[in-house]
Amino acid sequence: MFGAICGDIIGSRFEAHNIKTKDFELMHPDCCYTDDTVMTIAVANALHTYRENRSLSQFREEVASQMRYLGTKYPNAGYGGRFYHWIHDPAMGPYQSFGNGSAMRVSPVAWVAGSIEEAEMLAEASAEPTHDHPEGIKGAKAIAAAIYLARLQKSKREIREYIEEHYYPLDFSLDEIRDTYTFDVTCQGSVPQAIVAFLESESYEDTIRNAISIGGDSDTIAAMAGSIAEAFYRSVPAEIRSWAISKLDETLKACCSIFLTESEDEHPQEEQVMGEFLTNTLHTLAGAAAKRGWLKDATEIIYVQELWETGQRFVAYWMANPEFTAHYDGNRRAMFYNISTVSLLAGIYYALDYNIDAESFDADRIFRELFSGNIYDTVAGVASMDLSDLQNFVNEQYRDLDILIGNYDPDEDTREKLLYQVACAFFQIGCSIELHDLGAGL
């Protein structure tokens, strides 16, 4: 996140006095941190909560809490009018903003996410306390996605293609817009420009010079562009970073230090990897279900211990049932994929026809009833779904599963464990499709 903080500090003296050149003193005595830095650190602080419980709803609440806390502690950082009122009014909710504040503060989420899907979900959750307009959310997600891809050392061409496919056209150069570009604090009017500033760069410093050279909301454009450049070029140059840190007070320095310490573990424990994988899988599938109207809100999945334990028992049953495993001739990966499918379908069936109660769970009865006919027909009939839609949905989940597992590049032992996890996750999703809220039926 220092890429954003350094960009903000360097750009601070140009926000009200734009320049249209890359030739300027980079580390000037008049530079200072602004609201971009304070709110970036607020999001970083909120991620402590997410690391502990992997709850998007709690993360969203903690983002609001941290922004209000630091906003009150640093009241003169240069906040926008409505955001300033929001900070000081605990009863005020999101206000449909599509300003670039959501994108300027988002960078920490991309360093915690285990997949691009998780980065985008965290970005959305970080924007929603204030910037709940679709364009406000879009800007945050675009910057987070670009940072995550840069972390993976994807090429600039790949990053450009992803942003253009999912978020914004980037059909301009900085030279083409420099003379006419004006001050614009909307996401749609500054996020694409920040991304192009990075794409046209040769280094972190060159990214910042590009961003400031077009004018406009200079500190924020530099913060957004710098956050991507830090990931792509692996770091912020030591001299720039040390200078920027010297501009922060002890509280902000301490917050940065805690976040960086937590983020520097390049070798997470297997349990952590599997936990992140399960979280990503649940939310990916929930998002797909929500798009079809099967879930009211893809982000409001509640983890219920009883349901999880039931899912484990259900998956264990498939693995132990000779009628099922006999078809796979020792190909455990193929078996796990098919267990995942059956778990998804059985989850839908189970949610509709039975009370979700681990104590009275009867896997044998469900097994017999599902296999008394075609499993797709049985589930589609009970769920009143179109058969082809159900089959297409399951096929899409196979593709998502491949992508999610591929992000971790696991060894074979871990792959088997991940596949077991996703089978249980599929069971949970199947139940949630009809319950809408996993806590509603318990």
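Which residues in α3 meet which residues in α6? In this predicted model, L56, F59, R60 and V63 of α3 are in contact with M121, L122, A125 and S126 of α6. The axes of these two helices come within 8 Å and cross at roughly 40°. Angles under 35 degrees would count as roughly parallel and those from 65 to 115 as roughly perpendicular, so α3 is oblique to α6. The crossing is right-handed.

Helix α3 itself covers residues 56-73, which is 18 residues. From its first C-alpha to its last it reaches 25 Å, close to the expected 26 Å. Its buried residues are L56, F59, R60, V63, A64, Q66, M67, R68, L70 and G71. That list includes two arginines, R60 and R68, and a glutamine, Q66. The spacing of such positions can be read against helix geometry. An α-helix has 3.6 residues a turn, so residues three or four places apart point the same way. The α3 residues that meet α6 are L56, F59, R60 and V63, and each of these four is also buried.

The next step is from the helix pair to the chain. The protein chain has 22 helices and 0 strands. Of its 442 residues, 57% are buried. Among contacts between residues at least 6 apart in sequence, 75% join residues at least 24 apart.

Much of the interior can be described through its nonpolar cores. The largest of them has 99 residues. F59 of α3 is one of the residues with the most contacts inside this core, and the others are M39, V109, I143, I163, V191 and I195. The largest share of the core, 11 residues, comes from helix α7, residues 134-151. Apart from this core lies another, of 26 residues, among them V315, L345, Y376 and C424.

I195 shows how the largest core draws on separate parts of the sequence. Leaving out residues up to four places away in sequence, I195 touches A142, I143, I163, L170 and I228. Two of these partners, I143 and I163, are themselves among the residues with the most contacts inside the core.

A loop residue gives a further example of burial. S107 is found in the loop between α5 (101-104) and α6 (116-127). Buried means under 20% relative accessible area, and S107 counts as buried because its relative accessibility is 2%. Beyond residues up to four places away in sequence, S107 touches M1, A4, T40, I147 and S227.

Technical notes
Residues are numbered from 1 along each chain as its sequence is written. This is a predicted model: local features need pLDDT of at least 70, side-chain atom pairs count only at pLDDT 80 or more; totals for chains, interfaces and linings use all residues. Side-chain values use heavy atoms; hydrogens and water are left out. A nonpolar core is a set of buried Ala, Val, Leu, Ile, Met, Phe, Trp, Tyr and Cys residues joined through side-chain atoms within 4.5 Å. Buried means under 20% relative accessible area, exposed over 50%, partly exposed in between (1.4 Å probe, protein chains only). Contact means heavy atoms within 4.5 Å. The expected span of a helix is 1.5 Å times one less than its number of residues. Axes are lines fitted to C-alpha atoms, for helices over the stretch in contact, and angles run from 0 to 180 degrees between N-to-C directions. Angles under 35 degrees count as roughly parallel, over 145 as roughly antiparallel, 65 to 115 as roughly perpendicular and the rest as oblique. A crossing is left-handed if the near helix is turned anticlockwise from the far one by less than a right angle, and right-handed if clockwise.
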